[in-house]
Amino acid sequence: MSGIGLPKVRSGKVREVYEAGEGRLLMVASDRISAFDVVLDQPIPDKGRVLTGLSTWWFDQTSDLVENHLISADPTDFPSTAGREVAGRAMLVRAARPVQLECVVRGYLFGSAWSEYKKQGTVNGDPLPPGLPQAEQLPAPIFTPTTKATEGHDMALTAEEAVDLVGRARYEELRDISIAIYRFGALKASLRGIILADTKFEFGEADGRLMLIDEILTPDSSRFWPADEWKPGTSPPSFDKQFVRQYLLDTGWDGTPPPPPLPETVVEGTRSRYVEAYERLTESSFDDWYGVDE
Ligand SMILES: Nc1ncnc2c1ncn2[C@@H]1O[C@H](COP(=O)(O)OP(=O)(O)OP(=O)(O)O)[C@@H](O)[C@H]1O
Ligand SMILES: [Mg+2]
C-alpha cells in the first residue's frame, strides 16, 4: 500500500504505477527528470503535469490511428483513495503486457543515430545516403527500435535483431504504426512551428489487442525543435531534455552517478521549455490543465 491507498506495482525513473483493480493501473508522473538514464537530484516543477497533459491530448488526437491504454485523466474517475495531489499528473490506464521493444522513429539525423552515422554511415545497421550533416532531415522517417533495458542504456537493434525479439509480423505492425503516428505528430507539430525530430513509442497487449501505452509525443519521449531555429550542421535548441543534457555535458560530467546539481536557472529554463511545448502543441493554456492551481 502507499500514500495514495493503492498497491504500488512499480516505481520507474519518472512514474509511480499503482494497481487500480479490474485490469487497470493508475500511472502517476512525478516531477523527476532523468538524463543519460540517471535521475537528477532536482525535480522540475510541473513536469509531471506537462507529461500527463500532453500525453492525454495526443492520445485523443491519435485515437483513430491506433488504440491506446488511456481510460481517463479526470481525477473524479480515479479510485477514491487517490488524493487531489495526483490531479493532472495521473492517468487511469488499461494494464498491458509491454512489448519488449522501444519503438523509436526518426525524421532527422541526431543523437545516437548521428553518432553511429558519423562513425560508419549507418543507423541501426542500415546504410543512409553519404554526406548528411548533423540534424539533417532524412529522406523519409525511419524506424530505429531499441531494446527495453531494465537497467542502464537501451541498445539500438538492427531490423533482423528486432524481428528475432518480437517476430516478423509483429515487427512490421509496430514499424508501420509507429511511422504513421510519427508522421501525424510531425505534421501537427509543424503547424505550430515545431519540428518533431524523433520520438519513442511503447506498445503493449491487453484484451488480446495491441495498443499504445506509456506516454506519447512528450518532451521526455521526443526531440522537439523550434522550426525557425533549425539549421542542418548545428545542434538546434529544443523544447525538451536537451537543455538539461547540454548543461550536464558542459560541466564535464561523464554520466556516472552522482550527477552534478542543477542551478536554479537550469531548473527554471527546463520548466519553461516543457510548459511552452505543452502550450504550443495543444494551443491551450497550461493553467487550464487539471490540478495546476491546486
Ligand atoms: N498500460 C501499461 N501497462 C503496463 N505497463 C505500462 C503501461 N504503460 C506504461 N507502462 C510501463 O510503466 C513504466 C512507466 O514508468 P517510467 O516512465 O518512470 O519508466 P522509465 O523510467 O521510462 O523506465 P524504467 O522502467 O527503466 O524505470 C514503464 O516501464 C512503462 O513501460
Ligand atoms: Mg518512461
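**Sheet architecture and ligand surroundings**

In this predicted model, five strands form an open sheet in the order β1-β2-β3-β7-β6, and their pairing is antiparallel. The edges of the sheet are formed by β1, residues 8-11, and β6, residues 70-72, each of which pairs on one side only. On average, neighbouring strands of this sheet are turned by 30° against each other, direction ignored.

Within the sheet, the pairing of β3 with β7 can be described in detail. Strand β3 comprises residues 24-29 and strand β7 residues 90-94; the two run antiparallel and are joined by five bridges. In this pairing, Met27 stands opposite Met91 of β7. The sheet is also accompanied by a helix: α1, formed by residues 47-61, lies across β2 (15-21), β3, β6 and β7. The direction of α1 makes an angle of about 45° with that of β7.

The surroundings of ligand 1 were examined next. Sixteen residues are found around ligand 1, and those that come nearest are Arg10, Val14, Arg15, Arg94 and Glu202. The shell around the ligand consists of seven nonpolar, two polar and seven charged residues. Two strands of the sheet described above take part, since β3 and β7 each supply at least two residues of this shell.

Several side chains place polar atoms at short range from ligand 1, among them those of His69, Lys148 and Glu202. An N or O atom in the side chain of His69 is 2.8 Å from a nitrogen atom of the ligand. For Lys148, a polar side-chain atom lies 3.1 Å from an oxygen atom of ligand 1. In the case of Glu202, the distance between a side-chain N or O atom and an oxygen atom of the ligand is 2.6 Å. On its own, ligand 1 has 610 Å² of accessible area, of which the protein covers 85%.

Two features of the backbone were also noted. Most residues other than glycine have a negative phi, and most peptide bonds are trans. Asp46 is not a glycine, yet its phi is positive, at about 75°. This residue lies in the loop between β5 (38-39) and α1, the helix that lies across β2, β3, β6 and β7. The peptide bond that joins Pro257 and Pro258 is cis, with an omega of about 0°. Pro258 is located in the loop between α5, residues 242-250, and α6, residues 264-282.

Notes:
Residues numbered from 1 in each chain as written. Chains lettered and ligands numbered in written order. Predicted model: local features only at pLDDT ≥ 70, side-chain atom pairs only at ≥ 80, totals over all residues. Heavy atoms only, no water. Pairing = 2+ DSSP bridges. Helix = DSSP H or I, 4+ residues; strand = E, 2+ residues; numbered from the N terminus. Axes fitted to C-alpha atoms, helices over the stretch in contact; angles between N-to-C directions. Contact = heavy atoms within 4.5 Å. Near = heavy atom within 4 Å. Polar contact = N/O pair within 3.5 Å; in protein donor to acceptor, adjacent residues only side chain to side chain. Areas by Shrake-Rupley, 256 points an atom, 1.4 Å probe, with all protein chains shown as cover. Nonpolar A, V, L, I, M, F, W, Y, C, P; charged D, E, K, R; others polar.
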